[in-house]
Number of protein chains: 2
Amino acid sequence: MSSPRYATIKEALRSQITQGLLAPGDRVSSENQLASEFSVSRMTARRALLELAEEGVLLRSQGLGSFVADTRPMSSVTQIRNIAEEITQRGHRHSCCVLQHTELPADSLSAMQLGLNTGELIFHSDIVHMEDGLPIQHESRTVNPRMAPDYLAQDFANNTPSAYLSAVAPLTEAEQSVEAILADSDIAKNLQVKKRSPCLKITRRTFSEKGVVSLAILTHPGDRYRLGSHMNF
Amino acid sequence: MSSPRYATIKEALRSQITQGLLAPGDRVSSENQLASEFSVSRMTARRALLELAEEGVLLRSQGLGSFVADTRPMSSVTQIRNIAEEITQRGHRHSCCVLQHTELPADSLSAMQLGLNTGELIFHSDIVHMEDGLPIQHESRTVNPRMAPDYLAQDFANNTPSAYLSAVAPLTEAEQSVEAILADSDIAKNLQVKKRSPCLKITRRTFSEKGVVSLAILTHPGDRYRLGSHMNF
DNA sequence: AAGTGGTCTAGACCACTTG
DNA sequence: AAGTGGTCTAGACCACTTG
């Protein structure tokens, strides 16, 4: 039941990177060095390096060596993912801090975006998501109560709004825009970054069969987050 | 200059699939069969099968074999668009300013990203695109000369690099990441924004059938540009 | 010249699936 | 029992990069 040797080597390299012993741009041990360090054949050490390169963790170049790639997390533009899953999948710990979780009357803009009347009660949450204790996303979410009447009763310590909502009102459609903004003092405080530092702001409207489910404004520190996508034509 | 043997095997399998000799669900030859058919070692035949599986062409299962996968859904949710067309479509006027348009030897990073050798000549352009006279995108583009040998002869006043490149080397694949950065003094000057204002930076690598075509770094003023997408599930 | 990654061989033992 | 893919070895020659 032991894991393959190439997997052990991958894990060792990965943890050196997450621990900061290897920084982006650093050269990692060569195939031959790893083979001798871990007492495996070069082909096995090579496989570890190749797979890490495939995963975007390393860059390799003939004659030069293998180098640590930009380590910022990258999530896909083309799919809607649960931030907690994303973090867990990277081998990190997700935690979050619920700043607000309440109902309030819709102002005209929110009402319009959710397809409700101004003044109708809507649900609103403000949550900071953390990766290994460091803030990675501020989620400001406005929810259509017709689509998720029990939203307020949810405890978001173990389940994200995104996960809950897609369970009660399966996603059929989403609209989003991505922009670069400067952190105002609120965002700066919540994300633990300097005021006026660059942030990636994703504004997303999600739909289920019966209409608009929620509006999310997701703000990420620019130096700790990237959005990535891979397209085939 | 001959291609590796595993590539030959991949091509053979691929063409059998496109010609219809192998249909989705069909089992392809096993590692051992391919090894003997092509007179290579099992490891080499194996590599061909592994890479095709990685690319989504095959599905493999221990004890069972390798099977042709179902035709993949085209998930081109985010599309690569030509900035000039985009602007024109909005009813505005596109213009551009070519800051640089030259050839130079590749440093090791560019070489790695383009799949070339360090020191090989590559093409490079720096262009500012304007919408109704106001800068909207700074395009720093590095081009693989093998894919577009006449790149330097192009006049970008009426045709963007993107349009030219997709004409001479049709896009088959693209990889991109999106991040929020602060304008440095160069970018600030080119985009006519204040230094340290937020910008959206898109790093895109485009591929045609034969390999990497170009690497583009597209920088947009955060307050004049957004990326949007609409998804259906 | 010494080191790097890229390709390749001819073996080996294993876990898994089917007949 | 025979065949499949999964892991691994200990070699080899090559192209490429740097000093």
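Select B:Asp132 first: in this predicted model the residue counts as exposed, because it has 12 C-beta neighbours inside 10 Å and a residue is taken as exposed at 12 or fewer. B:Asp132 is found in the loop between strand S4 (121-131) and strand S5 (134-143) of chain B, and its backbone deserves a look while it is on screen, since phi is positive, about 50°, although B:Asp132 is not a glycine.

Now move to chain A and select A:Gln192, which is found in the loop between helix H7 (185-191) and strand S9 (198-208) of that chain. Here too phi is positive in a residue other than glycine, with a value near 55°. Is A:Gln192 buried or exposed, or in between? With 13 other C-beta atoms within 10 Å, A:Gln192 is partly exposed.

Staying in chain A, select helix H6, residues 161-168, and colour its buried residues, which are A:Pro161, A:Ser162 and A:Leu165. Looking down the axis of H6(A), you will find that these buried residues fall within an arc of 95°, so they line one face of the helix. An α-helix has 3.6 residues a turn, so residues three or four places apart point the same way. To see what the buried residues of H6(A) pack against, add strand S6 (121-131), strand S7 (134-143) and strand S10 (211-221) of chain A to the selection.

Next, display both protein chains and turn to the contact between them, which takes 30 residues from chain A and 30 residues from chain B. On the chain B side, select helix H5 (108-114), strand S6 (173-182), strand S7 (198-208) and strand S9 (227-232), each of which supplies at least two residues of the side that touches chain A. The largest share of that side, 10 residues, comes from S6(B). Coloured by class, the side of chain B that touches chain A shows 14 nonpolar, 12 polar and four charged residues.

Finally, select DNA strand D together with the 25 residues around it, among which A:Arg5, A:Thr44, A:Gly63, B:Ser30 and B:Asn117 come nearest. Which elements give two or more residues to the surface near DNA strand D? From chain A they are helix H1 (5-18) and helix H3 (42-54), and from chain B they are helix H2 (31-37), strand S2 (65-68) and H5. Recolouring this surface by class separates its residues into seven nonpolar, 14 polar and four charged. Helix H5 of chain B is worth keeping selected at this last stop, as it gives residues to the surface near DNA strand D and also to the side of chain B that touches chain A.

How values were computed. Residues are numbered from 1 along each chain as its sequence is written. Chains are lettered from A and ligands numbered from 1 in the order in which they are written. This is a predicted model: local features need pLDDT of at least 70, side-chain atom pairs count only at pLDDT 80 or more; totals for chains, interfaces and linings use all residues. Two residues are in contact if their C-beta atoms, placed from the backbone, lie within 7 Å. Helices (H or I, at least four residues) and strands (E, at least two) are DSSP runs, numbered from the N terminus. Ala, Val, Leu, Ile, Met, Phe, Trp, Tyr, Cys and Pro count as nonpolar, Asp, Glu, Lys and Arg as charged, and the others, Gly among them, as polar. A residue is near a molecule or strand if its C-beta atom, placed from the backbone, lies within 6 Å of it. A residue is buried if 20 or more other C-beta atoms lie within 10 Å of its own, exposed if 12 or fewer, and partly exposed in between; C-beta atoms are placed from the backbone. The arc is that of the directions from the helix axis to the C-beta atoms.
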